[in-house]
Amino acid sequence: MQNIAVYPGTFDPITNGHSDLIARASRLCEEVIVAVARDTAKSTVCDLAQRVELARLVLSDLGNVRVEAFSGLLMNYCHTIGANVVIRGLRAVSDFEYEFQLAGMNRRLAPDVETIFLTPSEQYAFISSTLVREIAALGGDVSEFVHPEVMRVLHGKRC
């Protein structure tokens, strides 16, 4: 059986923590689809096209990874593209309760799709897109948290 994984998120912006998880997932699965959410309750800094473009740029060296925008229910998207795995990242214990609940609901909606939790490498465990956006908005240096092109976009506020 081929394992086709989906790593969903808003990726606003994509961080080195995201890239780390995606690279590791790409070693576990035949294909990883980074699914950039169109429908989000979050207020995003970058529009959907910019988030997709930046993710493609950052992940271009990973041959079995592709980036797509998606909308609607994640489990419907998984069925549409034939994915049987969802990758979720856990940075801290505080993430676990929400992620556990989400995985349970997804299992009820699509019992044929498994959720795999990955933890980031130690140096990325504290990075979140929210913190990166806040630091960049205040003129701080985010170079160790994101790809150089992401940093340029954030500091230029060209999203």
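Modeller: A salt bridge puts a side-chain nitrogen of Lys or Arg within 4 Å of a carboxyl oxygen of Asp or Glu. The model is predicted: local features need pLDDT of at least 70, side-chain atom pairs count only at pLDDT 80 or more, and totals for chains, interfaces and linings use all residues. Residues are numbered from 1 along each chain as its sequence is written, and side-chain values use heavy atoms, with hydrogens and water left out.

Biologist: How many salt bridges does the structure hold?
Modeller: One of them joins the side chains of Arg152 and Glu149, 2.6 Å from N to O. Glu31, Arg66 and Glu68 are linked in a network of salt bridges. The total for the structure is 7.

Biologist: Why are Arg152 and Glu149 separated by about one helical turn?
Modeller: Both sit in helix α6, residues 148-156. Helices are DSSP runs of H or I with at least four residues, strands are runs of E with at least two, and both are numbered from the N terminus. The turn follows because the two positions in α6 differ by 3 residues.

Biologist: Is Arg152 buried, partly exposed or exposed?
Modeller: Buried means under 20% relative accessible area, exposed over 50%, and partly exposed in between, with a 1.4 Å probe and protein chains only. Its partner Glu149 has 26% and is partly exposed. Arg152 has 42%, so Arg152 is partly exposed.

Biologist: Which helix holds both Asp20 and Arg24?
Modeller: Their side chains form a salt bridge of 3.2 Å, N to O. Asp20 counts as buried at 13% relative accessibility, whereas Arg24 counts as partly exposed at 21%. They lie 4 residues apart, about one turn, in residues 16-28, helix α1.

Biologist: Which residues does Asp20 touch, not counting residues up to four places away in sequence?
Modeller: Contact means heavy atoms within 4.5 Å. The place of Asp20 is in helix α1. With that sequence filter, the list for Asp20 is Pro120, Ser121 and Tyr124.

Biologist: How many residues apart are Glu99 and Arg88?
Modeller: Their side chains meet in a salt bridge at 2.7 Å, N to O. The pair links distant parts of the chain: Glu99 is in helix α4 (residues 93-109), Arg88 is in strand β4 (residues 85-89), and the separation in residues is 11.

Biologist: What is the relative accessible area of Glu99?
Modeller: Arg88, across the bridge, counts as buried at 18%. Glu99 is buried too, and its value is 8%.

Biologist: Is α2 roughly parallel or antiparallel to α6?
Modeller: Axes are lines fitted to C-alpha atoms, for helices over the stretch in contact, and angles run from 0 to 180 degrees between N-to-C directions. Angles under 35 degrees count as roughly parallel, over 145 as roughly antiparallel, 65 to 115 as roughly perpendicular and the rest as oblique. The axes of α2 (residues 48-58) and α6 come within 9 Å and cross at roughly 155 degrees. That makes the pair roughly antiparallel.

Biologist: Which residues of α6 make the contact with α2?
Modeller: From α2 come Gln50, Leu54, Leu57 and Val58. The α6 side supplies Glu149, Val150 and Val153.

Biologist: Are the rings of Phe126 and Phe145 stacked or edge-to-face?
Modeller: Rings of Phe, Tyr and Trp (its six-membered ring) pair if their centres lie within 6.5 Å; planes under 30 degrees apart are stacked, over 60 edge-to-face and the rest tilted. The structure holds 4 aromatic pairs. Here the centres are 5.9 Å apart and the planes stand at 90 degrees, so the pair is edge-to-face.
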